Amino acid sequence: MKILAGPASIELSKRIAEDIDLPLLILESKQFTDGETYLRINGEVENEEVLIIQNTFPNQEKSLLEIMLIASTLKEYEATKVFLLAPYLCYARADRRRIEKEVISHKITLEMLYKSGVDSVLTFNVHNKEAFTSLIPELEKYNISVLSLIKEYLQDLVDESFMIVGPDKGVTDELAFFSEELGISSGHLEKYRDPETHEITMKDLGLDLENKNIILFDDIITSGGTAIDACKLILSKKPKSLIFIVIHALAKEEVFAKFDEIGVHKVISTNTIPRLDIEQIDISSVACKFIQDKFL
Ligand code: R5P
């Protein structure tokens with residue numbers, strides 16, 4: 001297997017290639033004045049399995065198009081199998097039709113990847129595992145979990161005075177995992193998001209949070225509406241401390257600044273989306289182990 005460093009993930013590609021000792025194909029990439037991208041693959045790919053590593057945030061559409069252009073060219077030059085590792089897979093939340101004639105972007109994105117020549121997609125903690133697995137069955141898919149990595153991080157921090165809370169029941173499985181592995185209690189709030197206005201209403205469902213050390217966990221933060229509202233509600237119940245931990249940190253810097261303003265003690269994410277303004281847990285070791293165990 002060879003690794004092809006996508007323009008959006010050069011650092012991560014180099015780290016993974018070095019750690020598991022795989023040859024790295026560097027892509028020649030430049031931007032024309034009109035904004036279009038020129039791409040050329042350097043190196044031999046005939047009869048090779050190639051793993052493209054390319055994140056799909058920010059610049060979702062550009063990153064996706066680049067993957068498709070690269071995958072198609074790899075197949076034209078007779079690569080035997082094309083894998084894609086997208087640490088964060090964009091459009092995965094648009095997994096079903098909530099109102100008539102809505103575009104199911106997750107399904108179409110997976111279909112376009114497959115049609116362009118991608119045989120296998122690897123990503124971390126996709127929003128809806130069932131949808132990811134069942135949509136476009138001809139495309140091989142792997143949902144890699146970073147929960148053990150987060151657990152290892154939390155292990156050094158927590159004792160029985162801690163409780164892990166989700167902003168809604170969408171993270172029930174994750175909360176059960178942390179609760180069992182860390183020996184702490186868990187519970188979730190209730191969130192309703194209006195499908196038209198996207199306005200959020202949050203309820204505490206009678207959870208007793210007073211004087212406890214609370215960890216709020218979510219899989220993703222985008223606008224910050226969910227996490228900020230959840231934190232405000234939790235803080236109104238007078239906990240001893242509040243930490244927010246999230247896997248995919250998509251929100252803008254000013255959103256992360258708000259956590260500090262409202263009294264959240266610590267914010268942590270993984271680096272499926274690398275950023276410098278918050279503490280991050282590095283996921284590259286999990287990626288390396290998965291690739292080694294599964295494909296090498
Ligand atoms: C929802 O189901 C997810 O788990 C997140 O809570 C949500 O997508 C976060 O989005 P936002 O930051 O825009 O509220």
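This briefing covers the ligand site, two helix pairs and two backbone features of the structure above. The model is predicted. In it, 13 residues surround the ligand, and the protein buries 89% of the 380 Å² that the ligand exposes when taken alone. Two helix pairs, α1 with α9 and α5 with α6, are oblique. The backbone features are a cis peptide bond before Pro58 and a positive phi at Asp21.

**Ligand shell**

- The closest of the 13 residues around the ligand are Asp218, Asp219, Thr222, Ser223 and Thr226.
- By class, the shell holds five charged, six polar and two nonpolar residues.
- Strand β12 gives the largest share of the shell, four residues.
- The elements that contribute two or more residues are β10 (190-193), β12 (213-221) and α7 (225-236).

**Polar contacts to the ligand**

- Asp219 places a polar side-chain atom 2.6 Å from an oxygen atom of the ligand.
- For Arg93, the distance from a polar side-chain atom to an oxygen atom of the ligand is 2.9 Å.
- Lys191 has a side-chain N or O atom 3.4 Å from an oxygen atom of the ligand.
- With the protein in place, 89% of the 380 Å² exposed by the ligand alone is buried.

**Helix packing**

- Two packed helices are described by the angle between their axes and the distance between the axes.
- Helix α1 (residues 10-19) packs against helix α9 (residues 284-295) at an angle of about 50 degrees, and their axes are 10 Å apart.
- Angles from 35 to 65 degrees count as oblique, so α1 is oblique to α9.
- The α1 and α9 crossing is right-handed.
- Helix α5 (residues 147-155) and helix α6 (residues 172-182) cross at roughly 45 degrees, with axes that come within 11 Å.
- That angle makes α5 oblique to α6.
- The crossing of α5 and α6 is right-handed.

**Backbone features**

- Most residues other than glycine have a negative phi, and most peptide bonds are trans.
- The peptide bond from Phe57 to Pro58 is cis, and its omega is near -10 degrees.
- Pro58 sits in the loop between β4 (49-53) and α2 (60-76).
- Asp21 is not a glycine, yet its phi is positive, at about 55 degrees.
- The loop that holds Asp21 runs between α1 and β2 (24-31).

Conventions
Residues are numbered from 1 along each chain as its sequence is written. This is a predicted model: local features need pLDDT of at least 70, side-chain atom pairs count only at pLDDT 80 or more; totals for chains, interfaces and linings use all residues. Side-chain values use heavy atoms; hydrogens and water are left out. A residue is near a molecule or strand if one of its heavy atoms lies within 4 Å of it. A polar contact is a pair of N or O atoms within 3.5 Å; within protein, one must be able to donate a hydrogen and the other to accept it, and residues adjacent in sequence count only if both atoms are side-chain atoms. Accessible areas come from the Shrake-Rupley method with a 1.4 Å probe; for residues, only the protein chains shown count as cover. Ala, Val, Leu, Ile, Met, Phe, Trp, Tyr, Cys and Pro count as nonpolar, Asp, Glu, Lys and Arg as charged, and the others, Gly among them, as polar. Axes are lines fitted to C-alpha atoms, for helices over the stretch in contact, and angles run from 0 to 180 degrees between N-to-C directions. Angles under 35 degrees count as roughly parallel, over 145 as roughly antiparallel, 65 to 115 as roughly perpendicular and the rest as oblique. A crossing is left-handed if the near helix is turned anticlockwise from the far one by less than a right angle, and right-handed if clockwise.
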